[in-house]
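Let's sit down with a model and practise reading it, one feature at a time. Bring your questions as they come up.

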Amino acid sequence: MLTRVNHDLSSSEAARGVAGGRVDLIVVADMVERGARVLDVGCGDGELLRLLESRGVDGRGIELSREGVNECVAKGLAVVQGDADTDLEYYPNDAFDFVILSQTLQATRQPRVVLEHMLRIGRYAIVSFPNFGHWKIRLQIFFGGHMPHTDILPYAWYETPNIHFCSIKDFRALCAVSGVKMEQAVALNAWGYRMRLKMPWWFWNLFGEQAVFLLSRKR
Amino acid sequence: MAEASATLDLADRRREADQPHSLLVRFAPHEPLRLDAGIDLSPLQIAYQTYGTLNAERSNAVLVCHALTGDQHVVNTHPLTGKGGWWETMVGPGRPIDTERYFVICANVLGGCMGSSGPASTNPDTGMPWGLDFPVITVRDMVRAQAMLLDYLGIESLFAVAGGSMGGMQVLQWAASYPQRVFAALPIAAATRHSAQNIAFHEVGRQAVMADPEWRQGRYFAAGANPRRGLAVARMGAHITYLSDAALHRKFGRRFQDRDNPTFSFDADFQVESYLRHQGITFVERFDANSYLYLTRAMDYFDLAADYDGVVANAFRGTPTRFCVISFTSDWLFPTVESRAIVHALNAAGARVSFAEITTDKGHDAFLLDEPEFSAIVRGFLEGAARARGLPAARR
């Protein structure tokens with residue numbers, strides 16, 4: 001049974017600027033059980049791993065950029081330089097409790113393969129991504145006639161690392177064809193607040209700027 | 001190449017091999033080292049240096065493993081060359097391997113020529129250096145000898161083991177052989193096995209030594225001879241592999257050495273030739289030719305997977321050690337792909353591993369040089385490990 005969660009968002013951690021004040025990271029971290037073994041794929045500068053380790057989680061990371069890796073290792077985090085598209089195959093089955101892909105899905109060459117690897121390596125996968133179905137994006141394409149440009153998608157089309165955008169609706173379709181079970185879903189609106197529960201999916205797809213899904217394997 | 005000081009060099013080097021300017025432990029005849037070759041080596045002596053202070057809990061010891069032509073003189077003046085230590089950028093007060101926090105130990109490897117038992121040591125049965133009668137040793141034998149040293153020092157568990165190149169091989173062997181004794185491991189510019197190309201380079205070096213008539217089937221000490229030319233050529237060839245095309249070009253280009261035009265002879269017209277000759281000459285002043293044969297052989301034999309059913313990951317299953325694997329972009333002797341193979345094996349074994357590739361044009365030798373990004377990573381990794389180990393924070 002899918003639960004769409006709505007804790008009170010104004011979590012004190014966001015107020016204190018934990019995880020750089022990025023609410024999506026706190027939403028992700030809230031889905032992880034204490035003491036769990038976690039692999040963060042595309043861990044960037046390691047802010048999520050730091051937040052998780054402060055909560056007693058055994059965290060590991062993979063990061064593509066050399067600068068990101070070096071920053072993480074210098075922080076004492078266990079992070080390897082690697083590529084979500086090519087390096088996940090070297091991890092054994094069931095090595096982790098949670099495998100996280102935070103704001104990275106749209107930058108992978110083969111999102112479906114990556115998702116399948118995540119659920120092979122981990123019991124649960126947590127995927128967060130910018131929702132390409134958000135109304136601002138739709139407006140920019142429809143009326144502006146150009147590729148969208150927003151605060152969380154700041155790149156020009158010719159230099160963006162993001163090559164596989166999807167909407168919340170698209171992602172649900174991928175889960176369906178991949179045999180993935182959606183355990184929890186959270187959408188964040190343009191102000192970074194969690195959207196109210198009980199809204200229909202089309203509403204989330206239109207007004208959710210970011211989405212976070214907790215996934216597991218279908219039995 | 002200078003010949004005048006040949007005998008003096010030999011006498012100095014023999015003395016350094018038997019009675020080194022170092023701390024020294026001699027193991028009694030009833031404590032032999034059982035070698036991979038199936039021989040019990042005795043008597044065994046290990047020369048080593050220490051820096052910093054061992055804490056009351058004996059939990060802050062860092063073992064530094066040196067590379068092929070390195071030695072135990074990590075941060076002190078070298079007794080033969082008078083030059084500074086080989087890792088002063090990394091080890092010392094306030095350095096990433098901080099001697100104000102950690103007790104740093106470095107031992108001359110088994111088979112070396114700076115005071116640990118090796119082919120230049122005196123064979124008690126003959127009163128002359130062992131030469132080729134010394135048994136062929138392996139990286140695992142080196143690590144076993146270091147473990148005997150730690151037992152002697154009363155250090156049950158190391159906070160960290162760190163080393164580059166052949167030192168990195170020892171680090172991997174330490175983590176595989178004694179996982180409970182290694183809290184953190186830093187294999188730098190290393191590999192789980194020596195590649196065919198690297199064995200090939202070593203063979204060229206060994207053939208250069210053995211082709212020198214002064215080598216005399218390894219019995220040059222007895223004849224008062226020294227295969228300087230052969231060893232210098234071996235060093236020149238090897239030195240090229242430690243650098244990179246870009247670094248050589250940046251340092252020397254096609255520039256002439258103290259002349260404006262080619263001499264139409266085989267003098268060292270080019271700066272790069274002059275540099276290599278210098279590297280060769282200075283090397284033979286401090287290094288033993290037979291030691292060079294034995295240590296290159298030990299590296300050639302290194303293949304961690306061979307001891308674990310052909311699967312490197314099996315060497316690290318269930319390991320409690322945390323790893324930091326580091327490679328350098330321009331290193332073509334131990335390229336990044338080798339470090340990635342280590343990382344994949346550690347991932348498959350579920351180990352806690354960090355891995356970074358440092359951008360530099362300085363080739364394999366970058367691990368010996370001042371590379372700020374490299375230093376920051378070693379420092380950060382050790383800080384994190386020290387917190388996990390409960391060692392006190394660095395003084396600010």
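What follows is a short tutorial dialogue on this predicted model.

Q: Let's start with the overall size. What radius of gyration would a compact globule with 396 residues have, and what does chain B have?
A: A compact globule with that many residues would come out near 21 Å, and chain B has 21 Å, so the two agree. As for its extents, the C-alpha trace of chain B spans about 65 × 50 × 45 Å along its principal axes.

Q: How many helices and strands are there in chain B, and how many in chain A?
A: Chain B has ten helices and twelve strands. For chain A, count nine helices and eight strands.

Q: How do I read burial and long-range contacts for a whole chain?
A: Take the share of buried residues, then ask how far apart in sequence the contacting residues lie. In chain B, 52% of the 396 residues count as buried. Among its contacts between residues at least 6 apart in sequence, 73% join residues at least 24 apart. For chain A, 43% of the 219 residues count as buried, and residues 24 or more positions apart account for 64% of the contacts with a separation of 6 or more.

Q: Which domains does the assignment give for chain B?
A: Domain 1 is written in two pieces, 17-198 + 303-389, and domain 2 covers 202-296. Their centres, taken over C-alpha atoms, are separated by 26 Å. Where they meet, 27 residues of domain 1 of chain B are in contact with 23 residues of domain 2 of chain B. On the domain 1 side, those residues divide into 14 nonpolar, ten polar and three charged.

Q: Which residues touch the most other members of the largest nonpolar core?
A: That core has 176 residues, and the ones to look for are B:V62, B:V104 and B:A160. At least three of the core's residues come from each of domain 1 and domain 2 of chain B. Zoom in on B:V62: leaving aside neighbours within four places in sequence, its contacts include B:V104, B:A160, B:I97 and B:F159.

Q: Now the contact between the chains. How many residues does each chain bring?
A: In general, the size of an interface is often given as the accessible area lost when the parts come together. Here we count residues instead: 22 from chain B and 16 from chain A. On the chain B side, strand 11 (322-328), helix 9 (336-348), strand 12 (352-358) and helix 10 (372-389) each supply at least two residues. Helix 10 of chain B gives the largest share, eight residues. By character, the chain B side divides into nine nonpolar, seven polar and six charged residues.

Q: How do I check a single helix, say helix 2 of chain B?
A: Compare its end-to-end reach with the expected span. Helix 2 of chain B (residues 139-153) has 15 residues and reaches 21 Å from its first C-alpha to its last, close to the 21 Å expected at 1.5 Å a residue. Its buried residues include B:R140, B:D141, B:M142, B:R144 and B:L149. Just after this helix, B:G154 takes a positive phi of about 75 degrees.

Q: And which backbone angles deserve a second look?
A: Most residues other than glycine have a negative phi, and most peptide bonds are trans. Go to A:D94, where phi is near 55 degrees, a positive value in a residue other than glycine. A:D94 is found in the loop between helix 5 (84-87) and strand 5 (96-102) of chain A. Then try B:D309, with a positive phi of about 55 degrees although it is not a glycine; its place is in the loop between helix 8 (289-301) and strand 11 of chain B. For a cis bond, look at the peptide from B:S42 to B:P43, with omega near -5 degrees. B:P43 is in the loop between strand 3 (40-41) and strand 4 (44-51) of chain B.

Q: Are those two aspartates buried or exposed?
A: Count C-beta neighbours; 12 or fewer within 10 Å means exposed. A:D94 has 11, so it is exposed. B:D309 has 8 and therefore counts as exposed.

Q: Why does B:A246 count as partly exposed?
A: Because 13 other C-beta atoms lie within 10 Å of B:A246, and the partly exposed class sits between the 12 or fewer of exposed residues and the 20 or more of buried ones. B:A246 is in helix 6 (residues 245-251) of chain B. Not counting residues up to four places away in sequence, B:A246 touches B:S330 and B:D361.

Note on methods
Residues are numbered from 1 along each chain as its sequence is written. Chains are lettered from A and ligands numbered from 1 in the order in which they are written. This is a predicted model: local features need pLDDT of at least 70, side-chain atom pairs count only at pLDDT 80 or more; totals for chains, interfaces and linings use all residues. Domain bounds come from an automatic or database domain assignment. Two residues are in contact if their C-beta atoms, placed from the backbone, lie within 7 Å. Ala, Val, Leu, Ile, Met, Phe, Trp, Tyr, Cys and Pro count as nonpolar, Asp, Glu, Lys and Arg as charged, and the others, Gly among them, as polar. Helices (H or I, at least four residues) and strands (E, at least two) are DSSP runs, numbered from the N terminus. A nonpolar core is a set of buried Ala, Val, Leu, Ile, Met, Phe, Trp, Tyr and Cys residues joined through C-beta atoms within 7 Å. The expected span of a helix is 1.5 Å times one less than its number of residues. The radius of gyration is taken over C-alpha atoms; the globule rule is 2.2 Å times the number of residues to the power 0.38.
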